[in-house]
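Hi,

Here is the structure I promised to send over. Have a look at it first, and then read on for my notes.

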Amino acid sequence: MKQTVLQRWSAALAGLVMSGSVWAEYGINLQAPASKVASDVYHLHNMIMLVCLGIFIVVFGAMFYSLFAHRKSKGHKAAHFHENTTVEVVWTVIPFVILMGMAYPAAKVVIDMKDTSNPDMTIKVTGYQWKWGYDYLQDGISFYSMLKTPRDQIDNLAAKDETYLLEVDNPVVVPVGKRVRLLITANDVIHAWWMPAFAVKQDAIPGFIRDSWFKADRIGTYRGQCAELCGKDHGFMPIVVKVVSEADYKAWVASQKGAAQTASADNGKTFTLEEMRERGEKVYSANCAACHQANGMGIPGAFPAINGSKVVTGPIDDHIKTVLNGRTGTAMVAFGKQLSDADIAAVVTYQRNAWGNKMGDMAQAAQVAALKGGAEAAVAAAPAAPQ
Amino acid sequence: MSDAAHAHDHDHGHHHPTGLMRWVKTTNHKDIGTMYLMFALIMLFSAGTMALLIRAELFQPGLQLTNPDFFNQLTTMHGLIMIFGAIMPAFTGFANWQVPLMIGAPDMAFPRMNNWSFWLLPVAAIFLMGSFFLPGGAVAGGWTMYPPLFIQGGISYDLTILAVHIMGLSSIMGSINIITTILNMRAPGLTMMKMPLFVWTWLITAYLLIATMPVLAGAVTMLLTDRNFGTHFFNAAGGGDPVMFQHIFWFFGHPEVYILILPAFGIISQIIPTFARKPLFGYASMVYATSSIAVLSFIVWAHHMFAVGMPVTGQLFFMFSTMLIAVPTGVKVFNWVATMWKGSMTFETPMLFAIAFVCLFTIGGFSGLVLAIAPVDIQLQDTYYVVAHFHYVLVSGALFSIFAGVYYWLPKWTGHMYDETLGKLHFWLSAIGMNILFFPMHFLGLAGMPRRIPDYALQFTEFNQIATVGAFIFGFSQLIFVVVLMKSIKGGQKATNQVWEGAEGLEWTIPSPAPYHTFETAPVVK
C-alpha cells in the first residue's frame with residue numbers, strides 16, 4: 001500500500017509511543033488493527049491527533065506567553081484594540097481549510113467501510129439479553145456465544161484470568177483473508193456488535209437488519225464487547241472472533257456439524273429425573289440465573305422469583321409454554337427458538353425440583369415438541385379462521 | 001409589561017413576607033436567582049455523590065459495592081440530574097440574577113411565572129430522587145432513554161417521564177421570561193449590539209430551549225404511550241422503529257449540548273475582559289459565532305448515531321456538518337486569547353477558572369473533532385473516550401464557567417469579598433483533580449473500554465484507578481466551595497460597587513450587595 005506523507009508521519013509517531021514496554025502494556029492508542037479498514041481508521045486518528053496537537057501548541061503557546069508577559073504585576077499596560085476584520089477572516093478561513101483537509105481522507109474511509117458488496121461468506125449476528133447468537137448462512141451452522149468467566153471471579157471469590165470478561169464459550173470462527181459480511185440484528189433491545197481490531201461497530205436493532213463487513217489480515221484471537229447499553233448484564237456479553245487458516249476453518253465447520261447432530265439426537269431421547277435435573281441446572285445457570293438469580297429468588301421489583309413461583313408450581317404445560325413463548329411486555333424472552341427441546345425440558349424439570357420447589361414431576365423433550373407444534377399449528381390455523 | 005409594573009407597585013405597598021414564605025411566594029428576580037443557584041448546588045452534590053459511587057465501584061475489576069442493575073441506575077441518574085438538575089438550573093439562576101442587572105431592568109418580565117418555573121424544579125427532583133426507593137429502583141436505561149430498553153422498566157420509568165415533562169415546562173417558561181425581558185426591558189440606549197455578551201448568549205440559549213424542549217416532550221410522551229397504552233412508535237413488531245426515537249431525541253439532544261455551553265461562553269466573555277483590563281476582542285464576531293453555532297446545532301444530531309448504520313450519504317452529511325461547528329467555536333477561542341493578548345492581567349479566582357475553561361474546553365473541542373470523523377467515531381462511540389469528551393466539555397466547560405461566574409458576581413450578591421486563598425485552593429484542586437479524573441479516560445476509550453459497564457477487563461485497571469483517585473480529589477475539593485460560599489454570605493471584607501478594577505457594565509454601578517429592588521428608574525446608556 002502506498003503511504004501518504006501524513007500516514008508515514010503518524011505511523012512513526014505511533015511507533016515511538018508504542019515502543020516503550022510500559023506504553024505497549026497500558027495502551028494509549030487504538031488497538032492494533034487486524035484489517036485494512038481498521039488500519040485506515042488508526043492512521044486517520046493519528047493524523048487528526050497530530051493536527052490538533054499542532055493547533056493546540058500554537059494557540060495555547062500564544063495564550064501562555066500572554067499570561068506570563070502581559071500581567072499587571074509586571075507593570076504591563078493594557079492595549080485598547082478590540083477589533084480587526086482581517087484577523088477575524090483569517091482565523092475563520094484557516095480552520096475551514098484544515099477541516100477540508102481532514103474531511104477528504106475521512107470520507108474515503110467512510111465509503112470503504114459502508115461497502116458490504118461481494119462477500120465471501122455471510123454470518124447473521126443476533127443480540128440477546130445477554131448473549132450473542134450466530135448463524136453461518138452458507139455453512140448452516142448456528143450457535144449461541146456467552147460469557148465464560150465464572151461468577152466467582154466477578155464476585156472476587158477467585159483469582160481473575162488474563163481474559164477476564166473477554167472470554168466466551170463458543171467463539172466466532174472465520175477464515176483469514178476472506179470478506180465476511182455480517183447481518184446484524186437483535187431479539188429484544190438494542191445491542192452493538194463491536195470488534196475493535198476490525199473497526200466494526202454496528203448497533204443490533206430489534207426488527208431491523210443492518211450490515212457491516214471485515215476482512216481479517218492475520219490469524220489470531222480478537223476480543224470485543226457489546227457497545228450499547230442493553231440492561232443489567234450489558235458489561236457481560238463479550239465477543240470473541242478466532243481468525244484461522246482456510247483448512248482449520250473447514251475442520252471447524254465439520255466438527256460443528258457433528259455436534260449439532262448429537263444435540264438433535266438428544267431431542268428424541270427420554271431422560272431420567274436425575275439426568276434432567278443435572279442438565280437443567282447447567283441450562284439454568286447459563287440462561288436464567290442472570291435475572292432470576294442462582295438461588296431462584298429473582299430481584300424484587302425487577303425479576304420475579306422462580307422459587308415458589310405460581311407458574312413453576314402450577315400445571316407443567318403452562319410452565320413449559322412460558323419458557324417457550326416468553327412473556328410479552330417483560331424482559332422474559334421466548335426460549336423456544338434459542339434452546340433445544342431437550343434443554344427446555346431439562347430446565348423446566350430443574351426449576352420444578354430445585355430450592356423450595358418440590359413438584360417431583362418432570363418434562364420430556366417430546367412433550368416440549370408437542371406443545372411447540374401446538375403453538376405453531378394454532379398460528380398456522382389462525383388466518384383461516386375468518387373464512 | 002404593564003402587568004409586571006403593576007405587580008411591582010403592589011409589592012411596594014406591603015411588607016414582603018419573611019422567613020420561609022418569602023422564598024415560597026417571592027417574585028423577585030434576585031430571590032429566585034438565589035433559589036435556582038442553591039437548588040443547583042444541592043443537585044450537584046447529589047449527582048456528584050452518585051459519580052463517586054460509580055468511580056469507587058470502578059476502582060478495581062470485579063463487583064465490589066454495587067450490583068450491575070444499581071450501577072446502571074447510578075449512571076443514568078447521575079446524567080439526568082447533572083444536566084437537568086445542576087447545570088441548567090445554575091445557568092437559569094445566573095440569568096435571573098444578572099440579566100435584569102445587566103440590561104438595567106427592574107425585574108424579569110413575568111415575575112409570577114418566574115416563581116412557578118422555579119418551584120416546578122424541586123417537584124421534578126423529588127420524583128427523580130424518590131424513584132430510587134420504588135420497587136425496581138430508579139431508571140437504569142441511560143439518560144438517553146433509548147427504547148426498547150426503556151420500555152422494559154418499572155414504575156420509576158413513568159415517573160421519570162413525568163419529571164422530564166415538568167423540567168421541560170420549567171425551562172420553556174424560564175426561556176419565555178428571559179426572551180421577553182431581554183427584548184422589551186433593556187435600558188434606553190442599550191441597543192442589541194451593545195448588550196453584554198452574557199445577555200446575548202442567554203437570548204440565543206432561550207430560543208434553543210423553546211425550539212427543542214417540546215421535541216423532547218414529544219419523544220418521552222411517545223415512550224409513555226408505548227409503555228402504557230399499547231402504541232408502537234418504537235416497536236418494529238408493530239410497525240414502529242426504535243431508531244426513530246434516537247433521531248427525535250438527538251434533535252433535542254444536540255441543541256441541548258449548546259444550551260449547556262452557550263451561557264458558559266457568555267460568562268467567560270464577561271470575565272476575561274475584566275481581568276485583562278481590555279475590552280472583549282471581536283464583540284460582533286462573538287455574537288455571529290454564537291448564532292451560527294446555534295443554527296448549526298440543529299443539523300448535526302445524527303453524529304450521535306454513526307453506529308446505528310446510516311446510509312453513506314447520511315454518514316458523510318453529518319460528519320461534514322459536525323466538523324463545520326469547529327469553525328465558529330475556534331473563532332470564540334481565538335477571540336478570548338486575543339482579548340488576553342497585550343492586556344494587563346491579574347489572576348483572581350474567576351480569571352483562573354476562566355483561563356482553565358478556555359484551555360480545557362478546547363481539549364474537549366478537539367476530542368469532539370476526533371469524534372466527528374465518522375470512521376474514527378465507529379471505534380470510539382459508546383466508549384470511555386466519549387465519557388472523557390463530554391466531561392471535558394461539561395465539567396471543565398460548563399461547571400468551571402459556573403464556578404467562575406459565582407466567584408465573579410458573589411461580591412455583588414452578598415456584599416462581601418470571598419476568601420481569595422480558599423477560592424484559589426478550590427480552583428487548583430478542582431483543575432488538577434478534574435484532569436487526573438478525566439484525562440486517562442481518553443486512553444481507556446481508545447484501548448476499547450465501553451462506557452456504562454460496572455466491571456471491566458484487567459488491562460483497563462491502572463487508568464481506572466488513576467481516574468478514581470482524581471474523582472475523589474475533585475469531589476471532595478467541592479466542599480471548599482461550600483465553605484467559601486458560607487463565609488462570603490456571613491461576612492468578610494466589604495465589596496465596593498465596582499468590585500473589580502476592570503469591571504464594566506450596569507451591574508457594577510449599583511451598590512454591593514445589590515438592593516432588593518434595582519433600576520426602578522431605568523438608567524440611560526450612552
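Let's start with helix H11 of chain B, residues 283–296, bearing in mind that this is a predicted model. Does its length fit what a helix of its residue count should span? With 14 residues at 1.5 Å a residue, H11(B) should span 20 Å, and its end C-alpha atoms are indeed 20 Å apart, so the two agree.

Several residues along H11(B) are buried: B:Tyr283, B:Ser285, B:Met286, B:Ala289, B:Thr290, B:Ile293 and B:Ala294. What covers them? The cover includes four helices of chain B, namely H8 (197–228), H9 (242–259), H10 (262–276) and H13 (326–340), and also H4 of chain A. In other words, part of the cover for this helix of chain B comes from the other chain.

That brings me to the interface. On the chain A side 80 residues are in contact with chain B, and on the chain B side 78 residues take part. Helix H3 (36–69), helix H4 (85–114) and strand E7 (200–204) of chain A each put at least two residues into the side that touches chain B. Which element gives the largest share? That is H4(A), with 15 residues. If you sort the chain A side by class, you get 46 nonpolar, 18 polar and 16 charged residues.

If you want one residue to click on there, try A:Met63, which sits in helix H3 of chain A. Leaving out residues up to four places away in sequence, A:Met63 touches B:Val337 and B:Met340. Is A:Met63 buried or partly exposed? A:Met63 counts as partly exposed because 19 other C-beta atoms lie within 10 Å, while the cut-off for buried is 20 or more.

Now for some backbone oddities in chain B. As background, most residues other than glycine have a negative phi, and most peptide bonds are trans. These spots are the exceptions I'd look at:

- The peptide bond from B:Pro147 to B:Pro148 is cis, with omega near 0°. B:Pro148 belongs to the loop between helix H5 (111–130) and helix H6 (149–152) of chain B.
- B:Met145 is in the loop between H5 and H6 of chain B as well, and its phi is positive, near 60°. B:Met145 is buried, since 23 other C-beta atoms lie within 10 Å.
- B:Arg277, in the loop between H10 and H11 of chain B, has a positive phi too, near 55°. B:Arg277 counts as buried because it has 22 C-beta neighbours inside 10 Å.
- B:Ser512 and B:Pro513 are joined by a cis peptide bond with omega about -5°. B:Pro513 is in the segment after helix H18 (461–490) of chain B.

Back to chain A for the overall layout. Its secondary structure comes to eleven helices and ten strands, and buried residues make up 35% of its 387 residues. Among its contacts between residues at least 6 apart in sequence, 65% join residues at least 24 apart.

The domain assignment splits chain A into domain 1 (5–114), domain 2 (121–264) and domain 3 (267–379). The C-alpha centres of domains 2 and 3 of chain A are 25 Å apart, and the contact takes ten residues from domain 2 and seven residues from domain 3. On the domain 2 side, those are five nonpolar, three polar and two charged residues.

For the strands, E5 (residues 179–186) of chain A is a good place to look. E5(A) pairs with E1 (residues 121–128) of chain A in the parallel sense, over seven bridges, and A:Lys124 stands opposite A:Leu183 in E5(A). E5(A) also runs antiparallel to E8 (residues 210–215) of chain A, joined by six bridges; there, A:Arg179 has A:Lys215 in E8(A) as its bridge partner.

Finally, a word on confidence. Chain A has a mean pLDDT of 86, and 89% of its residues reach 70 or more. Residues 18–25 of chain A fall below 50, and that stretch has four contacts in the model beyond near neighbours in sequence. Residues 377–387 of chain A are below 50 as well, with zero contacts of that kind.

Cheers

Definitions and conventions: Residues numbered from 1 in each chain as written. Chains lettered and ligands numbered in written order. Predicted model: local features only at pLDDT ≥ 70, side-chain atom pairs only at ≥ 80, totals over all residues. pLDDT = per-residue confidence, 0-100. Contact = placed C-beta atoms within 7 Å. Nonpolar A, V, L, I, M, F, W, Y, C, P; charged D, E, K, R; others polar. Pairing = 2+ DSSP bridges. Domains from an automatic or database assignment. Buried ≥ 20, exposed ≤ 12 C-beta atoms within 10 Å, placed from the backbone. Expected span 1.5 Å × (residues − 1).
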